[in-house]
Amino acid sequence: MENNAIRFACNGCGICCKGRLVPLTLGETRQWLQRGHEVAIILEAFDESTWALQPQQFAHAAGRAVEVTCGDAHVRVVAVFAGNALVQCQNLGDDGRCGIYEERPLVCRIYPMEINPFIALTPESKICPPEVWEEGEILFTDRIVDPVLADQVERSRQADRDDAQAKIALCEALGLNVAAWKGNAFAVYLPDRAKLVEAIGRYDTGTNAAIRPDWKVRVDTPALRQQLHQGGVALDDQLATDYIFHTL
Ligand code: SF4
Ligand code: SF4
């Protein structure tokens, strides 16, 4: 087991706090907004008929998704709420340190581990500098070694499942109802912060209108469009949209 040990010692370089979106639980989203920061929402849809990965991966994806009506079909949609750190995280100080270290999100606590259990930990796939893998405590063998870290990883995965319905309900309340197809593209919304705060407030008090919109899927790849169309999936044909569409 020791032969497979991965050592890690974070050097606090802050590289992982720049150029990315920071996935948040719903509770962390509330705190992020209370600090005055922006939250992005990524919507992705999938179904069992086009699933190309392992069945266990489908079960994992389905556990953090909500089944919705989409034309004549039903698809599953995952809403990822994320702190906008596309330039750099708004909590990153001039000294390169996290300004909310004691209250930082779970995803920041667990990095370089991932919320997705199917992403293997390999140093070359991480943005950490090479030297941090050469010393420090053993992070991983065939499992996470530190019980505190293992608990944080499990809590982040559980929150993904627990928050799924609420996040989709918030998207529906905000009129965000076009998702990209998982593995094909990303659909990233940058909702107005005040409107998202309002929607969460109404959700928390149970006063959001019960909206169940017909969802749509944006796919620009002809073969996949044809396949989904034949399956009755409603496709979004808008050219101008309120989301950023990034084909993979
Ligand atoms: S919350 Fe802190 S640790 Fe997380 S990305 Fe922002 S600055 Fe980095
Ligand atoms: S990039 Fe890696 S080494 Fe640098 S602060 Fe983030 S986790 Fe630590």
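The largest pocket in this predicted model has a volume of about 1300 Å³. Its lining counts 49 residues, and those closest to the centre are Glu44, Arg64, Val80, Asn116 and Phe186. Many parts of the chain contribute. Two or more lining residues come from each of β2 (18–23), β3 (39–46), α2 (55–63), β5 (73–88), α3 (106–110), α4 (147–162), α5 (164–173) and β8 (185–189). Strand β5 gives the largest share, with 5 residues. By class, the lining of the largest pocket holds 30 nonpolar, 9 polar and 10 charged residues.

Next comes the second largest pocket, with about 920 Å³ of space. Here 39 residues form the lining, and Cys10, Tyr101, Arg104, Cys108 and Tyr111 are the closest to the centre. Four elements each supply at least two of the lining residues: β2, α3, β6 (137–140) and α4. Among these, β2, α3 and α4 also give two or more residues to the lining of the largest pocket. The class count for the second largest pocket is 27 nonpolar, 6 polar and 6 charged.

What sits in this second pocket? Ligand 1 takes up space there, and ligand 2 sits there as well. Consider ligand 1 to begin with. Its surroundings are Cys17, Cys89, Asn91, Leu92, Cys98, Ile100, Pro105 and Cys108. That shell divides into 7 nonpolar residues, 1 polar residue and no charged ones. Cys108 has a further role in the geometry, as it is listed with the residues closest to the centre of the second largest pocket.

Now turn to ligand 2. Around it stand Phe8, Cys10, Asn11, Gly12, Cys13, Gly14, Ile15, Cys16, Tyr111, Cys128 and Val132. The shell has 8 nonpolar and 3 polar residues, and again no charged residue. Cys10 and Tyr111 belong to this shell. Both also appear with the residues closest to the pocket centre.

Cysteines occur in both shells. Cys17, Cys89, Cys98 and Cys108 are among the residues around ligand 1, while Cys10, Cys13, Cys16 and Cys128 are among those around ligand 2. How many disulfides does the model contain? With a cut-off of 2.5 Å between cysteine sulfur atoms, the count is 0.

Are Cys17 and Cys128 buried or partly exposed? Buried means under 20% relative accessible area. Cys17, from the shell of ligand 1, has 21% relative accessibility and so counts as partly exposed. Cys128, from the shell of ligand 2, has 15% and therefore counts as buried.

Beyond the pockets there is a closed space to inspect. A search of the whole structure returns 1 cavity of 30 Å³ or more. The volume of the largest cavity is about 30 Å³. Which residues line it? They are His60, Arg64, Ile115, Arg157, Asp160 and Arg161. Helix α4 provides the largest share of this lining, 3 residues. By class, the cavity lining has 1 nonpolar, 1 polar and 4 charged residues. Arg64 links this cavity to an earlier stop, as it is also listed with the residues closest to the centre of the largest pocket.

Helix α4 also carries Arg155. Its relative accessibility is 43%, so Arg155 counts as partly exposed. Follow the chain from Arg155 to Ala166, 11 residues apart in sequence, and the two C-alpha atoms are separated by 17 Å.

Conventions: Residues numbered from 1 in each chain as written. Chains lettered and ligands numbered in written order. Predicted model: local features only at pLDDT ≥ 70, side-chain atom pairs only at ≥ 80, totals over all residues. Heavy atoms only, no water. Near = heavy atom within 4 Å. 1 Å grid on protein atoms, 1.4 Å probe; cavity = no way out; pocket = protein on both sides within 12 Å on 5 of 7 lines; lining within 4 Å. Sits in = over half its atoms within 2 Å of the grid points. Nonpolar A, V, L, I, M, F, W, Y, C, P; charged D, E, K, R; others polar. Points joined across faces, edges and corners; volume = space filled by probe spheres on them. Buried < 20%, exposed > 50% of the residue type's maximum accessible area, 1.4 Å probe, protein only.
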